[in-house]
Amino acid sequence: MGVVAGVDMQHGEIRREEVMTHVMFALNSAREGQQDNLWFYNTQLHASEELANYIESHMNRALQHGEFKMFLQPKIELKTGKLVGAEALVRWIKADGTMIFPNQFIPLFEQNGFSVELDMYMVEQVCRQIRFWMDSYGVSIPISVNQSKLLFYQDNYVEKLCELIERYQVPARMITLEILEGLAMEDARGLNDRLLELKEKGFRISMDDFGSGYSSFNTLSSLDIDELKLDRGFLMEMHGSRRERQQLILEQIAQLAGKMNITTVAEGVETREDEEIILQAGCDYGQGYYYSRPIDAQVFTEIYF
Ligand code: G
Ligand code: MN
């Protein structure tokens, strides 16, 4: 099948070299996208390529210069309304104050392997924060941190984590490691061995975004996890004719988890009605905009400590 590339001239005066760049770009895109053999250069396509280039050529420097900031989002106990923990979420804030969104850089970092470094950096920030709270207020709350599946293929992963909690003198039980259930599909037994090792050291394990992809109850039976985070999709589907069924499913999952000594956290609680739904369903904790957006760690401290 032939490839036809064209240049959309609507963007005004384009110099000749630029036209060539755009044609080459359109050709490349056409070759990459098998399904579509007619491609026009468009500015959006170019912009996303440029952003990807920027991200990959600046990520190391950004890490060194502290441009990756830890934001915290509270986790609330539904029965009491009390703060019981927080989730650490990374934000890339450039020197000029503008932000690059996680959905723009995380997928790239998963591809180029940078997630390994960034995630360990975040664990370190979490340790620092817990230490700071303990020193300044005599109390602390546990923090959850997202862990890329790439980490589980690193031989020294557990050692590195232990080194960090040792350095900051933070009890392992104050740290919850959030993993995605997709990991279990690849090698459930290998993964569970790792999880058991981590649990033996005292870390808590949480399964993130449960119910979002090809979830399977097998993961629940084969993995020794402490917490289930129910994907916000559950709450998003909670309307109209689907509502009763969704409510039933949520209830059953919460009940099953409870019987397995697994706590449940509902994600994406945005309204009072959402909270009512998850409380009815028997979930233990809630997280979402209804309580707070992820906020700068310092602001979080001012509000909650
Ligand atoms: O995959 P994980 O659950 O770790 O991702 C959390 C993401 O969801 C964060 O980027 C956070 O900003 C976002 N988030 C947190 N609470 C809410 C919410 O109530 N509604 C929506 N739409 N997004 C949320
Ligand atoms: Mn998470």
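This passage describes the surroundings of ligand 1 and the pocket that holds it in a predicted model.

It helps to begin with the ligand itself. Ligand 1 is surrounded by 15 residues, and the closest of these are Gln73, Arg91, Glu267, Glu270 and Tyr289. Sorted by class, this shell contains seven charged residues, together with four polar and four nonpolar ones. Three side chains illustrate the polar contacts made here. Gln73 places a polar side-chain atom 3.0 Å from a nitrogen atom of ligand 1. On the acidic side chains, an N or O atom of Glu267 lies 2.8 Å from an oxygen atom of the ligand, and an N or O atom of Asp208 lies 3.1 Å from an oxygen atom of the ligand. Of the 520 Å² of accessible area that ligand 1 has on its own, the protein covers 77%. Two elements, strand 4 (83-93) and strand 8 (204-210), each give two or more residues to the shell, and strand 4 provides the largest share, with three residues.

The view can now be widened to the pocket. Ligand 1 takes up space in the largest pocket, which holds about 1,400 Å³. Its lining consists of 46 residues, with Glu87, Leu89, Asn146, Asp208 and Asp209 nearest the centre. Asp208 thus appears both in this central group and in a polar contact with the ligand. Among the elements that give two or more residues to the lining are strand 4, strand 8, helix 4 (115-137) and helix 6 (182-201). Helix 3 gives the most, with six residues. By class, the lining has 19 nonpolar, 14 charged and 13 polar residues.

How values were computed: Residues are numbered from 1 along each chain as its sequence is written. Chains are lettered from A and ligands numbered from 1 in the order in which they are written. This is a predicted model: local features need pLDDT of at least 70, side-chain atom pairs count only at pLDDT 80 or more; totals for chains, interfaces and linings use all residues. Side-chain values use heavy atoms; hydrogens and water are left out. A residue is near a molecule or strand if one of its heavy atoms lies within 4 Å of it. A polar contact is a pair of N or O atoms within 3.5 Å; within protein, one must be able to donate a hydrogen and the other to accept it, and residues adjacent in sequence count only if both atoms are side-chain atoms. Accessible areas come from the Shrake-Rupley method with a 1.4 Å probe; for residues, only the protein chains shown count as cover. On a 1 Å grid over the protein atoms alone, a cavity is a set of points where a 1.4 Å probe fits but cannot get out, and a pocket is an open set with protein on both sides within 12 Å along at least five of seven lines; lining residues have an atom within 4 Å of a point. A molecule sits in a cavity or pocket if more than half of its atoms lie within 2 Å of its grid points. Helices (H or I, at least four residues) and strands (E, at least two) are DSSP runs, numbered from the N terminus. Ala, Val, Leu, Ile, Met, Phe, Trp, Tyr, Cys and Pro count as nonpolar, Asp, Glu, Lys and Arg as charged, and the others, Gly among them, as polar. Grid points are joined across faces, edges and corners, and a volume is the space filled by probe spheres set on the points.
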